[in-house]
Amino acid sequence: RSLMPLFRRMDADPFYRAFVAEVTVSESGQMTWYPQLGHTVIAFGTAHQAEQKMASLRAFCQQVLPRIGWAHYQRITLQYNGQLIAERNP
């Protein structure tokens, strides 16, 4: 399945255009996003339910990160159905 609709959506959204620096895609379609700032890895998963995943990530970034900061998290996983998992740095 083409990822271009997702990439166009990201490019049209000022939040995601400023937030995401790089996206890698595995042969199986699993995406990993790297933000402009920090060293947190975002395991986005496939493009399946991308709107829901993007909404969850935006809410996390706007509601949780301003209080705690990126430095506390090494990985954010969105690849599981309806879940956002934030793994703290050791």
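Modeller: Happy to go through this with you; helices (H or I, at least four residues) and strands (E, at least two) are DSSP runs, numbered from the N terminus. The model is predicted: local features need pLDDT of at least 70, side-chain atom pairs count only at pLDDT 80 or more, and totals for chains, interfaces and linings use all residues. Residues are numbered from 1 along each chain as its sequence is written, and side-chain values use heavy atoms, with hydrogens and water left out.

Colleague: Thanks! Which pattern does the chain follow along the sequence?

Modeller: There are 4 helices and 5 strands to place. Read from start to end, their order is α-α-β-β-β-α-α-β-β.

Colleague: Why is the chain said to be as compact as a globular protein of that length?

Modeller: The globule rule is 2.2 Å times the number of residues to the power 0.38, and the radius of gyration is taken over C-alpha atoms. For 90 residues the rule gives 12 Å, and the chain comes close to that, so it is as compact as a globular protein of that length, with a radius of gyration of 12 Å.

Colleague: Is F19 buried or exposed?

Modeller: F19 sits in helix α2, residues 14–19. Buried means under 20% relative accessible area, exposed over 50% and partly exposed in between (1.4 Å probe, protein chains only). F19 has 11% relative accessibility, so it counts as buried.

Colleague: Which residues is F19 in contact with, leaving aside neighbours within four places in sequence?

Modeller: Contact means heavy atoms within 4.5 Å. With those neighbours set aside, the partners of F19 are Y34, P35, Q36, I42, L57, C61 and W70.
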